[in-house]
Amino acid sequence: MRSCDPILLVEDSLIDIMILKRGLKEINAHNPLHVSNDGEDALQFLKEQTQTHPALILLDINMPRMNGLEFLSIIKKSPQWRRIPVVVLTTSQEECDRKASFDLGAAGYVVKPLSYPDFVEHLKVIYEYWCLNESPQLPH
């Protein structure tokens, strides 16, 4: 992932969105960030992206209309989107959510820490990992 590659955040909590934006600034991640508030909105966003797909998707699980697991199931079946790495960022500590996420193709699963400094540290590790990773080109 290059610093110009977009990141898609699928999250319905305005507070969590603000925290993530603040965290990205703090770790000097200046990638374009698109925010979708649920899985349906995120799917619509992906369908509209004819030139550039997100290089990374950060996904919440518990959302209205279409939850994160439903969204993950759909994009991992798509030849266009299945190679986009998806990291689940959630408050769910349920083992069934963790297993389902990996079964559906999630690249990572992070339970949101309670403290902001811990969250920023987790975000930094995720970001740096995907910056070092050399993912294949995505089909358009």
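The following dialogue walks through the sheet, the helices, the salt bridges and one annotated residue of a predicted model.

Reader: How should I begin with the sheet, and in which order do its strands lie?

Author: Strands of a sheet pair through backbone hydrogen bonds, and the pairing is either parallel or antiparallel. In this model, five strands form an open sheet with parallel pairing, and their order is S2-S1-S3-S4-S5. Strand S2 (33–36) and strand S5 (108–111) are the edge strands, each pairing on one side only. From one strand to the next, the twist averages 20°.

Reader: Over how many bridges do S1 and S2 pair, and which residue in S2 is the bridge partner of Leu-8?

Author: Strand S1 (residues 7–10) pairs with S2 in the parallel sense over four bridges. The partner of Leu-8 is His-34.

Reader: Which strands does helix H5 touch, and where does helix H4 lie?

Author: Helix H5 (residues 116–132) packs on the sheet and touches S1, strand S3 (56–59), S4 and S5. The direction of H5 makes about 155° with that of S3. Helix H4 (residues 95–103) lies across strand S4 (86–90) and S5, and runs at about 155° to S5.

Reader: I turn now to charged side chains. How many salt bridges does a search of the whole structure find?

Author: Side chains of opposite charge can pair when their charged atoms come close. The search finds five salt bridges in this structure. One of them joins the side chains of Asp-38 and Arg-65, at 2.9 Å from N to O. This pair links distant parts of the chain, 27 residues apart: Asp-38 is in the loop between S2 and helix H2 (39–48), and Arg-65 is in the loop between S3 and helix H3 (68–77).

Reader: Are Asp-38 and Arg-65 buried or exposed?

Author: Asp-38 has 7% relative accessibility and therefore counts as buried. Arg-65, at 57%, counts as exposed.

Reader: What is the distance between the closest N and O atoms of Arg-65 and Glu-40, and why does that pair tie parts of the chain together?

Author: The closest N and O atoms of this salt bridge are 3.3 Å apart. Because Arg-65 lies in the loop between S3 and H3 while Glu-40 lies in helix H2, the pair ties together parts that are 25 residues apart in sequence. Glu-40 is partly exposed, with a relative accessible area of 37%.

Reader: Where do Arg-98 and Glu-95 lie?

Author: Both residues lie in helix H4, three residues apart, which is about one turn of the helix. Their side chains meet in a salt bridge at 3.1 Å, N to O. Arg-98 is partly exposed at 27% relative accessibility, and Glu-95 is also partly exposed, with a relative accessible area of 41%. Elsewhere, salt bridges that share partners join Glu-11, Asp-16 and Lys-112 into one network.

Reader: Which annotations does UniProt place at residues 6–127 and at Asp-60?

Author: An unreviewed UniProt entry gives "domain: Response regulatory" for residues 6–127. Over that range the chain is 44% helix and 17% strand, with the end C-alpha atoms 12 Å apart. The UniProt annotation at Asp-60, also from an unreviewed entry, is "modified residue: 4-aspartylphosphate".

Reader: Where is Asp-60 placed, and is Asp-60 buried or exposed?

Author: Asp-60 is in the loop between S3 and H3. With a relative accessible area of 6%, Asp-60 is buried. Leaving aside neighbours within four places in sequence, Asp-60 is in contact with Val-10, Glu-11, Asp-12, Gly-68, Leu-89, Thr-90 and Lys-112.

Key:
Residues numbered from 1 in each chain as written. Predicted model: local features only at pLDDT ≥ 70, side-chain atom pairs only at ≥ 80, totals over all residues. Heavy atoms only, no water. Pairing = 2+ DSSP bridges. Helix = DSSP H or I, 4+ residues; strand = E, 2+ residues; numbered from the N terminus. Axes fitted to C-alpha atoms, helices over the stretch in contact; angles between N-to-C directions. Contact = heavy atoms within 4.5 Å. Salt bridge = Lys/Arg side-chain N within 4 Å of Asp/Glu carboxyl O. Buried < 20%, exposed > 50% of the residue type's maximum accessible area, 1.4 Å probe, protein only. UniProt positions renumbered as here; feature names shortened; annotations may be inferred.
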